[in-house]
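Me: I have a structure here and some terms I do not trust yet. Please take them one at a time and show the reasoning.
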Amino acid sequence: MIPELSGSNKVVGAKQAKRALKDGRAVRLYMAMDADPRLLQPLVQEAVNRQVPVSQVPTMKDLGQSCGIAVGAAVAVLLK
């Protein structure tokens, strides 16, 4: 469980994460290790370009639970 993601200052999902990274609102990107690399690669690249730290979570299920949702999540972003 990731305590930072239990609050309301986060977005979950690739589209929301991409938007938050581009808008400069992202503090940290969390990515599930078992998610599709084709989905993760552009988001990780954007995070690196914007100097946003990237953290890895073992499974999509773990990331979803940390975000307080009933399904798995490939990515989540902690917002400023």
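Me: What makes the approach of the Ser66 side chain to the backbone nitrogen of Ile2 a polar contact?

Reply: In this predicted model, the side chain of Ser66 comes to 3.1 Å from the backbone nitrogen of Ile2. The cut-off for a pair of N or O atoms is within 3.5 Å, and 3.1 Å meets it, so the pair counts as a polar contact.

Me: Where is Ser66, and which residues does Ser66 touch beyond its neighbours within four places in sequence?

Reply: Ser66 belongs to helix H3, residues 60-67. Beyond those neighbours, Ser66 is in contact with Met1, Ile2, Leu5 and Ser6.

Me: Why is Ser66 called buried?

Reply: Its relative accessible area is 3%. Buried means under 20%, so Ser66 is buried.

Me: How do you know that Glu46 and Arg50 form a salt bridge?

Reply: The N to O distance between their side chains is 2.6 Å. The limit is within 4 Å, from a side-chain nitrogen of Lys or Arg to a carboxyl oxygen of Asp or Glu. The pair of Glu46 and Arg50 therefore qualifies.

Me: Are these two partners buried, partly exposed or exposed?

Reply: Glu46 has a relative accessible area of 18%, so Glu46 is buried. Arg50, at 41%, lies between the 20% and 50% limits and is therefore partly exposed.

Me: How many salt bridges does the structure hold?

Reply: Three. One of them joins Asp23 and Arg25, at 3.7 Å from N to O. Another joins Arg38 and Asp36, with the closest N and O atoms 3.0 Å apart.

Me: What makes Arg38 exposed and Asp36 partly exposed?

Reply: Arg38 has a relative accessible area of 70%; exposed means over 50%, so the word fits Arg38. Asp36, at 34%, falls between the two limits and is therefore partly exposed.

Me: Which strands are the edge strands of the sheet, and why?

Reply: The sheet is open and mixed, with four strands in the order E1-E4-E2-E3. Its edge strands are E1 (10-12) and E3 (54-57), each of which pairs on one side only.

Me: How do you know that E2 and E3 pair?

Reply: Strand E2 (residues 26-32) and E3 share four bridges in the parallel sense. Pairing needs at least two bridges, so these strands pair. Met31 stands opposite Gln56 in E3.

Me: Which helix packs on E1, E2 and E4?

Reply: Helix H1 (residues 14-23) does, and its direction makes about 35° with that of E4. Helix H2 (residues 37-49) lies across E2, E3 and E4, at about 155° to E2.

Note on methods
Residues are numbered from 1 along each chain as its sequence is written. This is a predicted model: local features need pLDDT of at least 70, side-chain atom pairs count only at pLDDT 80 or more; totals for chains, interfaces and linings use all residues. Side-chain values use heavy atoms; hydrogens and water are left out. Buried means under 20% relative accessible area, exposed over 50%, partly exposed in between (1.4 Å probe, protein chains only). A polar contact is a pair of N or O atoms within 3.5 Å; within protein, one must be able to donate a hydrogen and the other to accept it, and residues adjacent in sequence count only if both atoms are side-chain atoms. Contact means heavy atoms within 4.5 Å. Axes are lines fitted to C-alpha atoms, for helices over the stretch in contact, and angles run from 0 to 180 degrees between N-to-C directions.
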